[in-house]
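Dear colleague,

Here is the structure to look over. My notes on it follow below.

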Amino acid sequence: MKYQNAKLRQMLAAGYVLGTMRGPARRRFERLLKQDPLMLRELRYWERRLGGLQHGFAKVKPREVVWAGIEQQINAVRRVALPPARSIAGDRGPLNFWRGWAAVASLATVGLGYGLWLQLRQEPQVIETVRTVQVPQPQPWVAMLQSNTPAQWIVVMKPYSRSLKVSVSGAYPIDFRSQDLQLWVLDDAGQPHPMGLLPQGDSAELPMPELPMPHKPVMAVSVEPKGGSPTGLPTGPVVSSAPLLQL
């Protein structure tokens, strides 16, 4: 018999505690308990679990004839004086009692076994613990670029959300019909990378190029032909530059 099966181990231990395991099977299980500590632990579990059921029944003192019958079954050698039997024709009370007692015991056994079967079929409850962890968002990078004119630009870069916002105040004197102002970022080696054309209005969202974030970035603005630098590098005068600092 494969005693490593969990369901089988539960049924054996429960059957032993309930007393439904008898004869050679019970003795074989008792030998197994001496050899298998895990099976002994399973037995203790079912003793605790089913032991509470006995507290739900009130104690009833058996009648004399019932107690005599129990003693006869426990010790067949011992002679127990039974009360004088009454004739079946004259009084069927004891016979009816035994029949009723057997029916009640059978129903109780079936009910208890069905309840145990339902418990064994239930899937173990899985308790899920959900923890909400607030991940601090990195602070944005900000640069304020000023020129020798009333124009100034505030650049807010959020590398973690790939967003770049430029707010403009004042106007820089260029001919927007043929020129544009272009924004640049200088990496740690001083190499400029185009970030987009600056808006003519108050503010604008610019697409953030796929660039590794420098350790000490510097933003710059240059005057370029309409549509931006044709070479990928500044071709016109640089009108402003400032470091991009993380708040």
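The protein chain has five helices and nine strands (DSSP runs numbered from the N terminus; helices are H or I with at least four residues, strands are E with at least two). This is a predicted model, in which local features need pLDDT of at least 70 and side-chain atom pairs count only at pLDDT 80 or more, while totals for chains, interfaces and linings use all residues. Residues are numbered from 1 along each chain as its sequence is written, and side-chain values use heavy atoms, without hydrogens and water.

Along the sequence the pattern is α-α-α-α-α-β-β-β-β-β-β-β-β-β. Of the 247 residues, 26% are buried (under 20% relative accessible area, 1.4 Å probe, protein chains only).

The largest nonpolar core (buried Ala, Val, Leu, Ile, Met, Phe, Trp, Tyr and Cys residues joined through side-chain atoms within 4.5 Å) has 25 residues, and Trp153, Leu183 and Met219 touch the most other members. Strands E1, E2, E3, E4, E7 and E8 each supply at least two residues of this core. A second, separate core has 15 residues, including Tyr3, Leu12, Tyr16 and Leu116.

Beyond its neighbours within four places in sequence, Met219 has contacts (heavy atoms within 4.5 Å) that include Ala143, Val155, Leu183 and Met195.

Five strands form an open sheet in the order E6-E3-E2-E1-E9, with antiparallel pairing (two strands pair if DSSP finds at least two bridges between them). E6 (203-207) and E9 (245-246) are at the edges with a single partner strand each, so one side of each has no neighbour in the sheet. E2 and E3 are joined by seven bridges, and Trp153 has Val168 in E3 as its bridge partner.

Regards

Technical notes:
Buried < 20%, exposed > 50% of the residue type's maximum accessible area, 1.4 Å probe, protein only.
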